[in-house]
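Subject: Structure handover

Hello,

Please find the structure below, with the sequence alongside. My notes on what was found follow it.

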Amino acid sequence: MVTNFERTVVKIFQYVRSCCRRNTVLKIFVFVLITSIIYLKMASLPATVYRYYGIDGPNVGLTTTNPNVFTLNGLNLTITSGTIHYFRVHPHYWRDRLRKLRALGAVAVETYAPWNLHEPYKDVYDFGDGGFEMSRFLDVVKFINMAKEEDLLVIFRPGPYICAEWDFGGLPSYLLADGAKVRSTDPKFLSRVDKYFGQLLPLVTPLQMANGGPIIMFQVENEYGSLRSPEHQYMVELKKMMDRYGVKGLYFTADSPEPSLETGAIPELNVLQTANFKMDPELQLATLRQLQPDKPILVTEFWTGWFDHWDKPVHEVFPALEYLQKLKTILEYPASVNLYVFHGGTTFGFLNGANNDDTEESYHPDTSSYDYDALVTEAGDYTPKYSATLQMFRNLHPNLYHPPPPPVLPRTLSLSLLITQELPWTQIVKQLPEPQGVLKNRKDFIFMEDLPADERGWKQSYGYVRYTRGLKVTQPKAKLRLTGRIRDIAIVLVNGKRQTIILNDGMETTQFGFWASQEEELELSVDPGDYTLEILVENCGRINFVKTLEWLMQKKGLGPDNQMSLTGGEFTSGIDVTGMPFLADWVTSLPGWQDRVTVGEKAAPSLVKASFGLSSDKISDTFLDVRGWKQGVVYVNGFNIGRYFAGGPQQTMYIPAPLLRAGQNTIIIFEHYFNAPMIQLVTEPSFLKPASSQ
Ligand SMILES: *[C@@H]1O[C@H](CO)[C@@H](O)[C@H](O)[C@H]1NC(C)=O
């Protein structure tokens, strides 16, 4: 139906068009009129961050002259920001997560850069184009530009040390083999930082605010003040290095005010001191104010939740009400804030870090899930913290336009998968190269980091190391003795049969073969005879946070300080060593898969495979339920989605939809102890929670 009104409008439109065709002056007039109407309409609307703050081309950027509030191009700015690590979120979802952050009323996104991913092998760099397993996650320039497209400013934390519950705090493991004293002025360390910054910083300095880009702030190092013996000159050298690579600022350091802020700061270089904390906001803010009375307050890390450890079987939860109360105290102080984290994502692959209890012996690896009980879950769902924060953040920016929160993606994929193929351990090790030269018939063990480089000059950083030795057992109940600590789990096999216990929960890590044990004996259940002894050692992730610097520099596997002896038999050869990095390419390309005949304990360690077809409309995010399994690592269509341990708090593993495809999909599992017959894909995550939070 065409109404009279519509008919009239069309007539007028046709008349104007015919006039314009004939009359150039009228044409210009109509153009100017329409443009003005659009402009006036836009000027009356709430503005974007970039338009409101006049960020268009080079400008003065963020300043700290007013002690009560930041100033961006002369206008007050309370920074409301949230952390998203681009290397923990599938790039297909970067925009979705950034939009969710902007809709919250945040004006900035904060991220670290992980050195050990950007330089996966010494002098080999990867910023999205390296062709390695994690390459697709590493286009940091694209992420920063996308933040700008989504109307967000950027707080950039280049490291070199980033903590972040990330292997070795983001440091590349080759530094351990080089004997570099990390986080210090040791030239062996600083020269490597210089080379890395020489690659990273020229990519991001064009994106700093001084050049019209989105980056408003750069951090120098990270929580350096939490070390017992910090070396102040190191911070000075780092800042100067960043200057040399063209960083203009605004520079800041971040530490917990109580008790470590002052020692991590470099105020003499006019570097802003900022605070990291979760509890006691009044005390923390007052301490920062006292240390730095003349500058605005920024909480760089207000911890919205916490991360989980494998060996502590309860999911960390920070109740929303308590979170909200603390956030309110911060904002009313008044202070600017970055939510660490807004959205945690996943620590894919072998890249998780670990903590200790401030003792050299203790060790607690972090889970693959980095859900963090944050505002947006690992799979991108909103939590109660999100809606509660939204009003607070938006109220701080009444002049800004805030887009509506994007819808949550549906999760529909749930499937029971039968494991149909297996590759027994004895077949897997047949695919390994023969140990050569320094790795054959050794007197002592050698750490993963000290294994020789391959023909390309690349060294192993993650995964497993396999030590083998000839064994002659002369008496029943022969005992193997291993002194020194194991980094981190050793599975002992005799002729391919596992001798060490199944790890059921974190409490068992004091037994033979686990990190908390030392000088333990293992009774071998074999009859007298000649055998091959195998010790498969898993690197469960390098410690990322310490107060005593030396404890950060921990090599993995077994080394010269581990001694092995035998009662009731003798060794018939030296030790052969083979690196087993379990790279996804290698695992996926292994030949010799056979139809599955064994299940349970006998079938482990081994690789197993499930294949399944999907039509494109069936593809969605999903979770792999690991209950019923024990411990291992999972590859989805040739991508390592991380480790699992059913005795820990994380019961499901996130599989983002972009890892799946229409057609045939393959899941490969390396299980250490017990191969279950089935595996489930489920739509909801599951964590073991403390009773009080139900
Ligand atoms: C900017 O902040 C300062 C300090 O809080 C305040 O005195 C001033 O009124 C603010 N200016 C505007 C335009 O809101």
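In which loop is Asp 371 found? Asp 371 sits in the loop between β13 (364-365) and α13 (384-395). Before going further, note that this is a predicted model.

**Asp 371 and the helix after its loop**

Asp 371 counts as buried because its relative accessibility is 9%, and the cut-off for buried is under 20%. A polar atom of the Asp 371 side chain lies 2.9 Å from the backbone nitrogen of Glu 378. Glu 378 is also among the contacts of Asp 371 when neighbours within four places in sequence are left aside. The others on that list are His 315, Gly 344, Gly 345, Thr 377 and Phe 687.

In α13, the buried residues are Lys 385, Tyr 386, Thr 389, Leu 390, Met 392, Phe 393 and Arg 394. What do the buried residues of α13 pack against? They pack against β4 (80-84), α4 (94-103), α12 (320-332) and β11 (336-343).

**Lys 100**

Helix α4 holds Lys 100. Is Lys 100 buried or exposed? Lys 100 counts as buried, because its relative accessibility is 1%. With neighbours within four places in sequence left aside, Lys 100 is in contact with Tyr 386, one of the buried residues of α13. Lys 100 also contacts Phe 342, and the remaining partners are Gly 380, Tyr 382, Pro 406, Pro 407 and Val 408. As for distance, Lys 100 and Val 608 are 508 residues apart in sequence and 38 Å apart in space, C-alpha to C-alpha.

**Gln 431**

Gln 431 is placed in the loop between α14 (425-430) and β16 (464-473). At 30% relative accessibility, Gln 431 counts as partly exposed. Not counting residues up to four places away in sequence, Gln 431 touches Trp 586, Leu 590 and Pro 591. Gly 592 is 161 residues from Gln 431 in sequence, with 9.5 Å between them in space, C-alpha to C-alpha.

**The ligand**

Which residues surround the ligand? They are Asn 66, Asn 68, Val 69 and Asn 76. By type, the shell divides into one nonpolar residue, three polar and no charged. Asn 76 has a polar side-chain atom 2.3 Å from an oxygen atom of the ligand. On its own the ligand has 360 Å² of accessible area, and the protein covers 29% of that.

**Nonpolar cores**

The largest nonpolar core has 163 residues. Which of them touch the most other members? These are Phe 156, Phe 582, Leu 607 and Ile 667. Helix α8 (residues 187-204) gives the largest share of this core, eight residues.

To take one of them, Phe 156 has these contacts, not counting residues up to four places away in sequence: Thr 111, Ala 113, Val 140, Ile 144, Leu 200, Val 204, Ile 215, Met 217, Phe 218, Gln 219 and Phe 252.

There is also a second, separate core of 29 residues, which includes Leu 439, Val 473, Ile 486 and Val 526.

**Backbone points to look at**

Most residues other than glycine have a negative phi, and most peptide bonds are trans. The cases below depart from that pattern.

- Which peptide bond leads to Pro 334 in cis form? The bond from Tyr 333 to Pro 334 is cis, with omega near 10 degrees. Pro 334 is in the loop between α12 and β11.
- The bond from Tyr 340 to Val 341 is also cis, with omega near 0 degrees. Val 341 is in strand β11.
- Glu 221, not a glycine, has a positive phi of about 55 degrees. It lies in the loop between β7 (215-219) and α9 (232-244), and Glu 221 is buried, with a relative accessible area of 1%.
- Asp 358, also a residue other than glycine, has a positive phi near 60 degrees. Asp 358 is in the loop between β12 (354-355) and β13. At 27% relative accessibility, Asp 358 counts as partly exposed.

Regards

Terms used
Residues are numbered from 1 along each chain as its sequence is written. This is a predicted model: local features need pLDDT of at least 70, side-chain atom pairs count only at pLDDT 80 or more; totals for chains, interfaces and linings use all residues. Side-chain values use heavy atoms; hydrogens and water are left out. Helices (H or I, at least four residues) and strands (E, at least two) are DSSP runs, numbered from the N terminus. Buried means under 20% relative accessible area, exposed over 50%, partly exposed in between (1.4 Å probe, protein chains only). A polar contact is a pair of N or O atoms within 3.5 Å; within protein, one must be able to donate a hydrogen and the other to accept it, and residues adjacent in sequence count only if both atoms are side-chain atoms. Contact means heavy atoms within 4.5 Å. A residue is near a molecule or strand if one of its heavy atoms lies within 4 Å of it. Accessible areas come from the Shrake-Rupley method with a 1.4 Å probe; for residues, only the protein chains shown count as cover. Ala, Val, Leu, Ile, Met, Phe, Trp, Tyr, Cys and Pro count as nonpolar, Asp, Glu, Lys and Arg as charged, and the others, Gly among them, as polar. A nonpolar core is a set of buried Ala, Val, Leu, Ile, Met, Phe, Trp, Tyr and Cys residues joined through side-chain atoms within 4.5 Å.
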